[in-house]
Amino acid sequence: MTTSTALLLADLVGVAVFAASGASAAVAKRLDLFGVVFVGFVAALGGGIFRDLVIDEVPPLAFADWRYATAAAVTAAAVFWLHPQLARLRTTVLVLDAAGLALFTVTGTLKALDAGVPAVGACLIGMLSGIGGGLGRDLLTGEIPVVLRREIYAVAALAGAVLVAVLHGLGQGGALPLTAAALLVFGLRLVALRRRWTVPVAPMRPPRTRDPGPGPRW
Amino acid sequence: MTTSTALLLADLVGVAVFAASGASAAVAKRLDLFGVVFVGFVAALGGGIFRDLVIDEVPPLAFADWRYATAAAVTAAAVFWLHPQLARLRTTVLVLDAAGLALFTVTGTLKALDAGVPAVGACLIGMLSGIGGGLGRDLLTGEIPVVLRREIYAVAALAGAVLVAVLHGLGQGGALPLTAAALLVFGLRLVALRRRWTVPVAPMRPPRTRDPGPGPRW
Amino acid sequence: MTTSTALLLADLVGVAVFAASGASAAVAKRLDLFGVVFVGFVAALGGGIFRDLVIDEVPPLAFADWRYATAAAVTAAAVFWLHPQLARLRTTVLVLDAAGLALFTVTGTLKALDAGVPAVGACLIGMLSGIGGGLGRDLLTGEIPVVLRREIYAVAALAGAVLVAVLHGLGQGGALPLTAAALLVFGLRLVALRRRWTVPVAPMRPPRTRDPGPGPRW
């Protein structure tokens, strides 16, 4: 399998899982069929559209290749009709989101490097490709973006992007090393969710009066 | 009248009605004069800026041609000073929004096709040109985007975009068939509002305890 | 100092102050370290990324030149660890925001003019370069965007952008006149904050019943 075929496959799998993630979030918010497909579309293709705009690959793949939009729409519609146990939706969203994060971060970093973007910028574009769709999904459904919460999310993507850039610099851009980078992101994110790993919060002096109790209020 | 003159006119009319839609929403939120003009600007030109970025027409028309920004600013300021009956603002916003949706969907689809984007992508770009401004308006004014609500909105735009792509494929890209496509979007949207046509929502098992009553909670 | 060196310096200073503004807002919202850096990144580089996309300078400087992202990340992390008196954060955010607004408006307008955008469009791009980062910061942290509130904000940026365009048209694009334009924006914004200058709001007939009292309700 050539790198470009592997990239296409990884991209389409990422589109499907992110579309399912977005659609699940939209179903949980009781949006209608088109709202579900639309949020699925934004979650699946928003990061890639941003990536293609900044590396000047226009029209973005999401519009140039009908398989992307079709994969997103079909997956989102399938989630709309088939989602079996709503009580499990939250976990499903989180796991699918981790898989999409991993795949889009790796392909986004690689595409930016191939487009001649320097390593630091390529890592940022890769990270933003990974987190962009979820950010759009959260803004559309009125949630505080997952990426800003006290969890390992963007940092998992950034770790994978840096690994891709290092492997690419060493001439190791094949499917196997790239899969390892994707698994790094996926694993970091899942372990962080499982073990509730968090990123530190700035210390604040407690307010003197009317403190409604310990812990942050969101 | 040539196609390009017709496109320019349709575009400027779309800019004006979407600016009025955005300005009305901003006035209803009691934003100040510049907030009203800014929301009018985003509602009027946001979809087109997105469209021009993805078809690589840079700088986008909104910045390259001063008539666009001027039409948006003048219309929004006029709404600010002249809006007569605030009680009717909600209906006004919805009707102007439907007209802007129709015009921008048709011109957006056509511009994407003329830029060489394949039909499926062009329909999506056309739909997003139509709904992008309203999406920006709703995000800025803190509303749940209209496009995600249980109403015919994006689907009306998509129907018009597909009609434009089919007519274009048949060589029928003149002003008359394009006007028919715009009227299709406008009519679908208005009838949907009037008859309260909705898009289905996924069935959910009711929660067993602490149900605050029937119907969805937003 | 050449114009391009002055532009780079002004840009990096603007990146740092806007990153501090975004990071302060994120610390006040008790976001985690990566949330703080991310909001700082968006506040610092969001306006410039938008500017570079619409003038077709791709990849945007934020990704092409590692100093931009580094300046944003280091400043945001410093705010996270060093912010001394949280009670003063609100004022700090407002003053830093005014400085970033001034610098990005001037450099944004100048870059658009240099890219061949006509004067009206260049002023709009300059204003959007200035307000874009703050807009992204506010959307991410769930605030009503400052730009829409009843304060002199976008109009200060627009005044500076028009001054830059006029000076540029007169061949006065050196560091001194540009600094004057930046000081105009900064001064207008600070005086407006200090004296509570506001932009007018559309008159509304008071609701007949259940009026919760005078003044706007947000």
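# Loops, helix crossings and chain interfaces

Biologist: Where in chain C does C:Pro59 lie in this predicted model?
Modeller: The structure is a predicted model, and what follows should be read as such. Taking the elements of chain C in turn, C:Pro59 belongs to neither H2 nor helix H3 (61-64), but lies in the loop between H2 and helix H3 (61-64) of chain C.

Biologist: Is the peptide bond from C:Val58 to C:Pro59 cis or trans?
Modeller: Most peptide bonds are trans, which is a reason to look at omega before assuming the form. Between C:Val58 and C:Pro59 the omega angle is near -10°, and the bond is cis.

Biologist: In chain B, which residue follows B:Val58 across a cis peptide bond, and in which loop is that residue found?
Modeller: The bond that leaves B:Val58 has omega near -10° and is cis, and the residue on its other side is B:Pro59. As for its place, B:Pro59 is found in the loop between helix H2 (33-54) and helix H3 (61-64) of chain B.

Biologist: What is the phi of B:Asp56?
Modeller: B:Asp56 is also placed in the loop between H2 and H3 of chain B. Most residues other than glycine have a negative phi. B:Asp56, a residue other than glycine, has instead a positive value, near 60°.

Biologist: Why is H2(C) described as oblique to H4(C)?
Modeller: Helix H2 (residues 33-54) and helix H4 (residues 66-82) of chain C have axes that come within 8 Å and cross at roughly 135°. Because angles over 145 degrees count as roughly antiparallel and those from 65 to 115 as roughly perpendicular, this crossing belongs to the remaining class. H2(C) is therefore, with respect to H4(C), oblique.

Biologist: How many nonpolar residues does the contact of H2(C) with H4(C) have?
Modeller: H2(C) passes H4(C) in a right-handed crossing. The residues that make the contact include C:Val36, C:Gly40 and C:Phe41 of H2(C), and C:Tyr68, C:Ala72 and C:Trp81 of H4(C). Divided by class, the contact of H2(C) with H4(C) has no charged residues, one polar and, as nonpolar, 14.

Biologist: What is the handedness of the crossing of H2(A) and H4(A)?
Modeller: In chain A, helix H2 (residues 33-54) and helix H4 (residues 66-82) pack at an angle of about 135°, with their axes 8 Å apart. The two helices H2(A) and H4(A) are therefore oblique to each other. Their crossing, with H2(A) and H4(A) as the pair, is right-handed.

Biologist: Which residues of H6(C) meet H7(C)?
Modeller: The axes of helix H6 (residues 119-140) and helix H7 (residues 154-169) of chain C come within 8 Å and cross at roughly 135°, and that makes H6(C) oblique to H7(C). By class, the contact of H6(C) with H7(C) has nine nonpolar, no polar and no charged residues. On the H7(C) side the residues include C:Ala154, C:Leu158 and C:Val162, and on the H6(C) side they are C:Cys123, C:Met127 and C:Ile131.

Biologist: How much area do chain C and chain B bury between them?
Modeller: Their contact takes 30 residues from chain C and 27 residues from chain B, and across this interface the rule finds zero salt bridges. Carbon and sulfur atoms account for 76% of the buried area, which comes to about 2500 Å².

Biologist: What percentage of the area buried between chain B and chain A do carbon and sulfur atoms give?
Modeller: Here the contact takes 30 residues from chain B and 27 residues from chain A. Across the interface of chain B and chain A the rule finds zero salt bridges. The area buried between chain B and chain A is about 2500 Å², and the part that carbon and sulfur atoms give is 77%.

Conventions:
Residues are numbered from 1 along each chain as its sequence is written. Chains are lettered from A and ligands numbered from 1 in the order in which they are written. This is a predicted model: local features need pLDDT of at least 70, side-chain atom pairs count only at pLDDT 80 or more; totals for chains, interfaces and linings use all residues. Side-chain values use heavy atoms; hydrogens and water are left out. Axes are lines fitted to C-alpha atoms, for helices over the stretch in contact, and angles run from 0 to 180 degrees between N-to-C directions. Helices (H or I, at least four residues) and strands (E, at least two) are DSSP runs, numbered from the N terminus. Angles under 35 degrees count as roughly parallel, over 145 as roughly antiparallel, 65 to 115 as roughly perpendicular and the rest as oblique. A crossing is left-handed if the near helix is turned anticlockwise from the far one by less than a right angle, and right-handed if clockwise. Contact means heavy atoms within 4.5 Å. Ala, Val, Leu, Ile, Met, Phe, Trp, Tyr, Cys and Pro count as nonpolar, Asp, Glu, Lys and Arg as charged, and the others, Gly among them, as polar. Buried area is the accessible area (1.4 Å probe) that two parts lose on being put together, summed over both. A salt bridge is a side-chain nitrogen of Lys or Arg within 4 Å of a carboxyl oxygen of Asp or Glu.
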